[in-house]
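Here is a colleague's note to read alongside the structure. Please keep the sequence and the 3D view open, and take the points in order.

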Amino acid sequence: MGKSSSIRVAIIGAGPRGTSVLERLIAHAAAQTGPAAVHIDVIDPYPAGPGHVWQPGQSRLYLMNTQAFYPTVIPEDPRLAPPVAGTTFDRWRAGQLLNPLPSLSPEELAELAALDSRDFPSRALYGRYLRCTVEELLGRLPDGVTIVFHETEALSVRAPADGGTGTTGTAFDVGLAGGASLTADSVVLALGHIPSRLNIEQRELQASAGQLGLRYFPPAVPADVDWSAIPAGEPVLVRGMGLNFFDVMGQLTEGRGGKFIDAGPRLEYQPSGQEPLIVAASRRGTPYRAKAALDGYYPSSVTLRYLTDAALERFGSAGIRPGFDHDLWPLLHRDVLWAYYSTLVRSQPGAVPDQETFLDALDEALRPHAHSSTHWEDAVESVLAVHVVPRHRLDLLGLAAPLSGRSFASRAELDAAVVDYLMDDARRSALGEQDPVKMAIGALHHGRAVLKTAVADGGITDESWVAGLRGWFESFVEGLASGPPALRSEQLAALARAGVVSFVGPDPRFSVDRRAGRFTAVSPWVGSPPMTATTMVEALAPGNRVSANDSPLLQQLLADGLVRPRLMMTAEGAPVQSTGLEVTAHPYRPVSANGSVGEGLYVLGLQLSSNQWGTAIAAEAFQPGGPAYASGQRTLRDADEIAQAVLGY
């Protein structure tokens, strides 16, 4: 390894990303000739592997948002140092069916017995996989590698007061809760989801709740919340209808003894009598669209024709740093349109009488060449006007806002409309690759994987990152392509029919009626009085903004100037503080407050959100026959580069 003394590295954060760094350090040490000399301190108040979010003991009603075949914490890239232990989640799942570990609980064995590759596992079971992976790694440690796990919180990272240096020329003192400290040559910040300060409105709601004796549940990891504190038989306002909403829904229904019953063409809900009345609200007025039933993570019938690696290479060859709205979105928009209309022709032959002529004309209109006098979108509209009747045309923006432009005379009318939307969306999900709408969304899903590579590390202009990618596209694509399994939509519809769930409507406004001592929620598009409740839940994850963090460690690093948030410039030339830290190109060393870059400090994961897009999703296992997008295992390659830098390779 080229060093006579032991290398000491501290990994702060023992969830999946910290585990990836640990695995890569072990893999590279094992690949060396002769014994290694590496000591690794892993610091996290939660057990290594699952960390905070993936605790194996949490409710099995909390599901992953990816199917069993998708996630992995072990890289499969043959260009990287080979793993010494561990495998993908799906291979681990299959192995446990044949030869289960004695430590698996009856609940885990029961879930494994019923779980297929295409099913959505519980977060608890994924946490067990992560824990088992760490245990396997510990059983295969190469000579000279030692690991100590500290189940406590890291409160500070500082250069030592005595000016001491480690084997890399730099050393850090890592302060732990309780007063202990340790010294490391390198520190990897794999912090994951960190506590966040509430925004102004949330602080006001929380303060009012305290003054009036109301119950207010701020954004939180769902497994951390005491859901039993929400009383049965009373309304509870739930703000947010993304993925966290379905966690809340499950805990307050099935988690209280209710049951979903297959009643033929649809689900029915049998209440236990312990449920509250869930009053759900979001900006759109509806939850995310459900995932389509597919054999893989991406629809196999959709292949990107325009937003391709070759297109990205052309930008580079021409010396163009693309903008999102001007350069990248028009290519993906074309792919979405082609996916929709080619699926329409294939699955509904009667929808377009002259199919061959239509597809030829559409193909010509979509070509990214300069039309002499017509914009490409106008050319597409001209083709559609000739060949496709209005009811079969794609309303892309309308997909993300299905209640837009509508008003409702009563809450009952709104609830019926939302149930219709849920059932139609679930029906389309069941059709899978035969549904044009779901294949349009499938193109967005493919495109998101390409965009992650295209926009990483300054791949697009700051102004288009702020105004385009994060300004409108992120929420748009998440509402369409990041939804729950279709079963959740069917369950929500059943709950609404059973009177257990009602909806507020689009553009809700929340406030506190201090005279009545209640929270209120009202939509300007629904002709009913405001909904009121003594309990309000924010069905949102804590905000991922380093400048609003409530982490003692990150606050100390910012205060001491070892790290700083990244500033981006808007189109008007105004600097805005982005969500993540400013870092160098990978292996991602943080830039200090004075602009210098220190050695030995590295960042991995969510705090890279200003350099990478979509940092929260797990690494993607390779799927036979499926597309191998470079972004799928980007986090694992980042961990590999950090490990090599730490070891001095």
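1. To follow the point on charge, take Lys and Arg as positive and Asp and Glu as negative, with His and the chain ends not counted. On that basis the protein chain has 53 positive and 69 negative side chains, and the centres of the two sets lie 3 Å apart. Please bear in mind throughout that this is a predicted model.

2. On the overall fold, the protein chain contains 17 helices and 22 strands. Its radius of gyration is 26 Å, close to the 26 Å given by the globule rule for 649 residues, so the protein chain is as compact as a globular protein of that length. Measured out along the principal axes, the C-alpha atoms fill a box of roughly 75 × 65 × 60 Å.

3. On the surface and the interior, 56% of the 649 residues count as buried, while the protein chain exposes about 26400 Å², of which carbon and sulfur atoms supply 52%. If we take the contacts between residues at least 6 apart in sequence, 74% of them join residues at least 24 apart.

4. Thr-520 belongs to strand E16, which covers residues 518–522. Is Thr-520 buried or exposed? Its relative accessibility is 12%, and because buried means under 20%, Thr-520 counts as buried. Its side chain makes a polar contact of 2.6 Å with the side chain of Ser-511, and the residues that Thr-520 touches beyond four places in sequence include Leu-237, Arg-509 and Pro-530.

5. Thr-535 can be read in a similar way, since this residue lies in strand E18 (residues 535–538) and counts as buried at 1% relative accessibility. Which side chain does the side chain of Thr-535 meet in a polar contact? The partner is Arg-215, at 2.9 Å. Arg-215 is also one of the residues that Thr-535 touches, among them Phe-217, Ile-230, Leu-237 and Phe-519, when residues up to four places away in sequence are left out.

6. Ile-194 sits in the loop between strand E8 (186–189) and helix H5 (200–212), and with a relative accessible area of 13% this loop residue is buried. Leaving aside residues up to four places away in sequence, Ile-194 touches Pro-542, Asn-549, Ser-551, Leu-554 and Gln-607. The C-alpha atoms of Ile-194 and Val-221, which are 27 residues apart along the chain, are separated by 9.9 Å.

7. Asp-378 is placed in helix H10 (residues 376–387), where a relative accessibility of 44% makes it partly exposed. Asp-378 and Ala-94 are 284 residues apart in sequence, and their C-alpha atoms are 51 Å apart in space.

8. Some backbone details deserve a careful look, because most residues other than glycine have a negative phi, and most peptide bonds are trans. A cis peptide bond, with omega about 20 degrees, joins His-586 and Pro-587, and Pro-587 lies in the loop between strand E20 (575–581) and strand E21 (601–603). Tyr-588, found in the loop between E20 and E21, has a positive phi of about 55 degrees although it is not a glycine, and Tyr-588 counts as buried at 0% relative accessibility.

9. Asp-457 likewise has a positive phi, near 55 degrees, in a residue other than glycine. Asp-457 lies in the loop between helix H13 (436–455) and helix H14 (462–481), and at 29% relative accessibility Asp-457 counts as partly exposed.

Definitions and conventions: Residues are numbered from 1 along each chain as its sequence is written. This is a predicted model: local features need pLDDT of at least 70, side-chain atom pairs count only at pLDDT 80 or more; totals for chains, interfaces and linings use all residues. Side-chain values use heavy atoms; hydrogens and water are left out. Helices (H or I, at least four residues) and strands (E, at least two) are DSSP runs, numbered from the N terminus. The radius of gyration is taken over C-alpha atoms; the globule rule is 2.2 Å times the number of residues to the power 0.38. Buried means under 20% relative accessible area, exposed over 50%, partly exposed in between (1.4 Å probe, protein chains only). Contact means heavy atoms within 4.5 Å. Accessible areas come from the Shrake-Rupley method with a 1.4 Å probe; for residues, only the protein chains shown count as cover. The place of a charge is taken as NZ of Lys, CZ of Arg, CG of Asp or CD of Glu. A polar contact is a pair of N or O atoms within 3.5 Å; within protein, one must be able to donate a hydrogen and the other to accept it, and residues adjacent in sequence count only if both atoms are side-chain atoms.
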